[in-house]
Amino acid sequence: MSTPPLSALSAPLLLLRMFSAEYPHLPAPRLDVTTVYPDLLTLSFHDDLAGFEAWRDALGLAAESVSHHVQGDGRTRVLEARADYAGARLHLVGYAKIPAPEAVRSRAEVDS
């Protein structure tokens with residue numbers, strides 16, 4: 001099996017270049033480009049749903065298009081949105097910890 005050339009990733013790399021020129025003020029995401037899915041650019045935010053929302057808003061993705069699920073035995077909230085841009089597929093994802101029930105209770109006791 002031969003390794004594809006860098007040009008195989010041209011669609012997501014072009015999209016990344018466009019985003020870096022148009023949105024330099026937005027929070028920097030974790031980036032993922034791979035030959036496994038050569039037309040896909042993934043922007044992910046860990047413990048930063050505000051960063052996810054800033055990108056979602058800037059890209060004009062409707063809030064209704066965002067899916068939500070929980071993973072990690074109910075400890076991690078995941079927001080996802082997908083779109084097509086400039087010949088590439090975009091996957092926007094945000095992760096945030098869900099406080100343990102004990103931590104929520106302890107905080108409520110301190111606040112009261």
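Phe19, Tyr23, Trp55 and Tyr85 come together as one aromatic cluster. That's a handy way into this predicted model, and a search of the whole structure turns up four aromatic pairs. One of them, Phe19 with Tyr85, is edge-to-face, with 5.8 Å from centre to centre and 75° between the planes. From there, the notes below move on to the core, the strands and a couple of unusual backbone angles.

**The aromatic pair**
- Phenylalanine 19 sits in helix α1 and tyrosine 85 in strand β4, so to speak two distant parts of the chain, 66 residues apart, that the pair links.- Phenylalanine 19 is buried, at a relative accessible area of 4%.
- Its partner tyrosine 85 comes out at 21% and is partly exposed, because buried would need a value under 20%.

**The nonpolar core**
- The largest nonpolar core has 19 residues, and those touching the most other members are Phe19, Leu43, Phe52, Trp55, Leu59, Leu90 and Leu92.
- Two or more residues of this core come from each of α1 (10-22), β2, α2 (49-58), β4 (76-85) and β5 (88-97).
- In soluble globular proteins, nonpolar side chains tend to be buried together.
- Which residues does leucine 59 contact, once its neighbours within four places in sequence are left aside? They are Phe19, Tyr23, Tyr85 and Leu90.

**Leucine 43 up close**
- Leucine 43 belongs to strand β2, which covers residues 37-46.
- Is leucine 43 buried or exposed? With a relative accessible area of 1%, leucine 43 counts as buried, because the cut-off for that is under 20%.
- Leaving out neighbours within four places in sequence, the contacts of leucine 43 are Phe19, Pro29, Arg30, Leu31, Trp55, Leu90, His91, Leu92 and Val93.
- One of those contacts, valine 93, is 50 residues away along the chain, yet its C-alpha atom is 6.4 Å from that of leucine 43.
- Leucine 43 also has a bridge partner in β5, namely leucine 92.

**How the strands pair**
- Strand β2 runs parallel to β5, and seven bridges join the two.
- Strand β1 (residues 30-34) runs antiparallel to β2, with four bridges between them.
- How many residues does the hairpin from β1 to β2 pass through? Just two residues make that connection.
- Across the β1 and β2 pairing, aspartate 32 stands opposite threonine 42 in β2.

**Two positive phi angles**
- Aspartate 47 isn't a glycine, but its phi is positive, at about 55°.
- Where is aspartate 47 placed? Look in the loop between β2 and α2.
- Aspartate 47 counts as exposed because its relative accessibility, 54%, is over the 50% cut-off.
- Alanine 86 is another residue other than glycine with a positive phi, near 45°.
- The loop between β4 and β5 is where you'll find alanine 86.
- At 46% relative accessibility, alanine 86 counts as partly exposed, because exposed would take a value over 50%.

Notes
Residues numbered from 1 in each chain as written. Predicted model: local features only at pLDDT ≥ 70, side-chain atom pairs only at ≥ 80, totals over all residues. Heavy atoms only, no water. Buried < 20%, exposed > 50% of the residue type's maximum accessible area, 1.4 Å probe, protein only. Contact = heavy atoms within 4.5 Å. Core = buried A, V, L, I, M, F, W, Y, C linked by side-chain atoms within 4.5 Å. Pairing = 2+ DSSP bridges. Phe/Tyr/Trp six-rings, centres within 6.5 Å; stacked < 30°, edge-to-face > 60°.
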